[in-house]
Every structure is written in structure tokens, then in C-alpha cells.
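Please examine the helices of the model shown below, with attention to how they pack and which residues they bury.

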Amino acid sequence: MRRITKTQLARLLGIAQNSVYLYARGESMPPVDKAIAIAQALDCSVYDIWGPGCEEEIPGNGKTVIRNIWRSLPTNEGG
């Protein structure tokens with residue numbers, strides 16, 4: 001997977017940074033064209049990001065979040 005920050009990803013896709021955070025938290029899903037562009041930017045597949053088993057529940061609060069791939073992206077250039 002390519003190292004890219006969430007800020008860089010938003011710029012690359014021409015979308016609001018907040019949208020990337022919503023996708024990462026599983027609170028919103030990107031349109032198909034953006035999902036494909038995100039996967040290409042990260043050098044992985046859409047399945048790797050949103051496929052079965054890609055979500056996990058946060059213990060204690062019942063929220064579901066998208067796992068590993070999003071978590072591994074730094075928030076900004078500082079890491």
C-alpha cells in the first residue's frame with residue numbers, strides 16, 4: 001500500500017478532507033468512481049478497503065469503523 005496522508009488523498013481526489021474522514025470512520029461511503037480512485041491512489045483494491053471483514057466494532061460504544069487500511073494512513077504530513 002502506498003503511503004499517503006488523508007490530506008493528500010483529499011487533494012488528489014479533489015474532495016473535501018472531511019469526506020475522507022467520513023469514509024475512514026465508515027460514516028459515509030464514496031461514490032463508486034471515488035472508491036476506485038481511492039483504491040488506485042492507495043495501490044490496493046476496493047475490496048481491500050470495503051470488502052467483507054473490513055469493519056470492526058469499537059468496544060464499549062457500539063460504533064463500527066473501517067479498519068486497518070484507513071487506520072494506517074497518517075492524518076497529515078506530520079504523521
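In this predicted model, helix H1 (residues 6-13) packs against helix H2 (residues 17-25) at an angle of about 115°, and their axes lie 8 Å apart; the axes are lines fitted to C-alpha atoms over the stretch in contact, with angles running from 0 to 180 degrees between N-to-C directions. Helices are DSSP runs (H or I, at least four residues), numbered from the N terminus. In the contact, defined by heavy atoms within 4.5 Å, Lys-6, Thr-7, Leu-9 and Ala-10 of H1 meet Gln-17, Val-20, Tyr-21 and Ala-24 of H2. The residues of this contact divide into five nonpolar, two polar and one charged.

The table lists the buried residues of two helices, where buried means under 20% relative accessible area and exposed means over 50% (1.4 Å probe, protein chains only).

| Helix | Buried residues | Arc around the axis |
|---|---|---|
| H2 | Val-20, Tyr-21, Tyr-23, Ala-24 | 160° |
| H3 (residues 32-42) | Ala-35, Ile-38, Ala-39, Ala-41, Leu-42 | 160° |

Because the buried residues of H3 cover an arc of only 160°, they are on the same side of that helix, the arc being that of the directions from the helix axis to the C-beta atoms. The face of H3 turned away from its buried side carries the exposed residues Val-32, Asp-33 and Gln-40.

Just after H2, Gly-26 takes a positive phi of about 75°, and just after H3, Asp-43 has a positive phi of about 60°.

Residues are numbered from 1 along each chain as its sequence is written, and side-chain values use heavy atoms, with hydrogens and water left out. Because this is a predicted model, local features need pLDDT of at least 70 and side-chain atom pairs count only at pLDDT 80 or more, whereas totals for chains, interfaces and linings use all residues.

Note on methods. Helices (H or I, at least four residues) and strands (E, at least two) are DSSP runs, numbered from the N terminus. Ala, Val, Leu, Ile, Met, Phe, Trp, Tyr, Cys and Pro count as nonpolar, Asp, Glu, Lys and Arg as charged, and the others, Gly among them, as polar.
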